[in-house]
Amino acid sequence: MNISGWQTYLVTATSRSAGRTTPEVVAAALDGGVDVVQLRDKATSARERYETGLRVRELTTEAGVPLIVNDRIDLASAVDADGVHLGQSDLPVAVAREQLGEDAVVGVSASTVEQAESAEAAGADYLGVGAVYGTDSKDVSGDRDGIGVERIAAVADAVDLPVIGIGGIDASNAAPVVEAGATGVAALSAITAAEDPEVATAALRKAVTE
Ligand SMILES: Cc1ncc(COP(=O)(O)OP(=O)(O)O)c(N)n1
Ligand SMILES: Cc1nc(C(=O)O)sc1CCOP(=O)(O)O
Ligand SMILES: [Mg+2]
């Protein structure tokens with residue numbers, strides 16, 4: 001898996017998708033050229049997430065794009081995802097590897113250099129680092145304005161893993177995140193809540209590749 005090629009990373013949220021279903025948003029983002037999709041629905045039942053995950057798996061497989069499941073190793077396995085994204089309070093990387101296999105992609109959230117170094121030592125494949133800017137999509141502890149691109153630079157300097165910036169990122173502010181050393185950017189509301197998720201994805205892609 002070429003994780004270093006992940007420049008645009010969609011994080012889904014049915015509750016922030018302007019009445020569209022998550023498969024509809026994912027299909028549009030795939031048409032817009034997104035590199036990886038993470039299924040992250042905190043508000044729906046396990047059964048709903050499973051059904052949605054199966055459909056999103058079909059779409060991502062057709063497009064040749066990896067699928068990551070947030071938090072849940074069991075759901076990642078059930079929908080045959082490529083991997084799982086784990087936060088600081090989620091199960092350890094080693095458990096994910098044991099359950100999903102050595103080839104599974106395991107991402108870990110880090111908002112400090114210390115957390116990034118620990119995740120690297122634990123065997124993470126990539127880091128999700130944020131919240132870079134202020135966000136309404138998640139209750140983030142600490143600085144409401146975000147950790148800033150300076151922290152992205154510090155983390156990218158400290159570890160050898162691909163770094164994905166997340167939090168408050170859209171086409172207008174994505175370039176400095178990559179200039180600071182991130183491999184790519186993850187976006188939730190900038191894509192899911194956009195008037196046209198395909199256009200928003202293409203704009204984000206342009207911002208980080210040009
Ligand atoms: C790419 C990426 N980075 C960070 C996160 C946040 O994960 P976590 O800290 O576990 O918080 P929740 O998303 O579970 O609320 C992420 N999901 N994806
Ligand atoms: C899911 C998530 N994780 C974050 C972190 O800092 O770890 S910020 C965040 C929300 C990202 O949503 P938006 O792109 O709409 O700001
Ligand atoms: Mg989590």
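Helices (at least four residues) and strands (at least two) are DSSP runs, numbered from the N terminus. Keep those labels in mind for the tour.

**Stop 1: the whole model**

Load the full chain. This is a predicted model. Colour by confidence to begin. Mean pLDDT for the protein is 96, and 100% of the residues reach 70 or more. The global scores are ipTM 0.99 and pTM 0.97.

Now select residues 9–191. An unreviewed UniProt entry annotates that stretch as "domain: Thiamine phosphate synthase/TenI". Its make-up is 39% helix and 19% strand. Put a distance label on the two end C-alpha atoms: they are 10 Å apart.

**Stop 2: the core**

Hide the ligands for a moment. The largest nonpolar core holds 68 residues. Show Val84, Leu127, Ile152, Ile164, Val185 and Ala187 as sticks; these have the most contacts inside the core. Then highlight helix H1, residues 22–31. H1 gives this core its largest share, 6 residues.

Centre on Val185. What does Val185 touch, beyond residues up to four places away in sequence? From early in the chain come Thr8 and Tyr9. Ile164, Gly165 and Ile169 are also in contact with Val185. So are Ala174, Val177, Val178, Leu204 and Val208.

**Stop 3: ligand 1**

Bring ligand 1 back. Its shell has 17 residues. Pick out Gly87, Ser109, Gly128, Ile166 and Ala186, the closest of them. Next, show the strands that give two or more residues to this shell: S1 (8–11), S5 (105–110), S6 (126–130) and S7 (163–166). Colour the shell by residue class. You get 5 nonpolar, 8 polar and 4 charged residues.

**Stop 4: ligand 2**

Move to ligand 2. Here too the count is 17 residues. Gly130, Thr135, Ser137, Leu188 and Ser189 come nearest. Strand S6 and helix H8 (189–192) each supply at least two residues of this shell. By class, the ligand 2 shell divides into 8 nonpolar, 8 polar and 1 charged.

**Stop 5: the annotated pair**

Select Asp71 and Asp90. The unreviewed UniProt entry marks both under "binding site". They span 20 residues in sequence, yet no two of their C-alpha atoms are more than 6.3 Å apart, so they gather at one spot.

Take Asp71 alone. Look for Asp71 in the loop between strand S3 (67–70) and helix H3 (73–78). Leaving aside neighbours within four places in sequence, Asp71 is in contact with Gly87 and Asp90. Gly87 also appeared at Stop 3, among the closest residues to ligand 1.

Asp90 sits in another loop, between strand S4 (83–86) and helix H4 (93–100). Are these two aspartates buried or exposed? Neither label fits: Asp71 has 18 C-beta neighbours inside 10 Å and counts as partly exposed. Asp90 has 17 and is also partly exposed. The cut-off for buried is 20 or more.

**Stop 6: helix H8**

Go to Ala190, in helix H8. Ala190 has 24 C-beta neighbours inside 10 Å, so it counts as buried. Not counting residues up to four places away in sequence, Ala190 touches Ile169, Asp170, Ala200 and Leu204. Ile169 and Leu204 were also on the list for Val185. Now draw a C-alpha to C-alpha distance from Ala190 to Ala171. It reads 8.0 Å, across 19 residues of sequence.

**Stop 7: backbone oddities**

Zoom in on the peptide bond from Gly130 to Ala131. This bond is cis, with omega near 0°. Ala131 is in the loop between S6 and helix H6 (148–158). Gly130 was one of the residues nearest ligand 2.

Which way does phi point at Ala18? Phi is positive there, about 50°, although Ala18 is not a glycine. Ala18 lies in the loop between S1 and H1. With 11 C-beta neighbours inside 10 Å, it counts as exposed.

Finish at Asp80. Phi of Asp80 is near 60°, again positive in a residue other than glycine. Asp80 is in the loop between H3 and S4. Asp80 is exposed, with 11 other C-beta atoms within 10 Å.

Notes: Residues are numbered from 1 along each chain as its sequence is written. Chains are lettered from A and ligands numbered from 1 in the order in which they are written. This is a predicted model: local features need pLDDT of at least 70, side-chain atom pairs count only at pLDDT 80 or more; totals for chains, interfaces and linings use all residues. A nonpolar core is a set of buried Ala, Val, Leu, Ile, Met, Phe, Trp, Tyr and Cys residues joined through C-beta atoms within 7 Å. A residue is buried if 20 or more other C-beta atoms lie within 10 Å of its own, exposed if 12 or fewer, and partly exposed in between; C-beta atoms are placed from the backbone. Two residues are in contact if their C-beta atoms, placed from the backbone, lie within 7 Å. A residue is near a molecule or strand if its C-beta atom, placed from the backbone, lies within 6 Å of it. Ala, Val, Leu, Ile, Met, Phe, Trp, Tyr, Cys and Pro count as nonpolar, Asp, Glu, Lys and Arg as charged, and the others, Gly among them, as polar. pLDDT is the predictor's confidence in each residue, from 0 to 100. UniProt positions are given in the numbering used here, feature names are shortened, and annotations may be inferred rather than shown by experiment.
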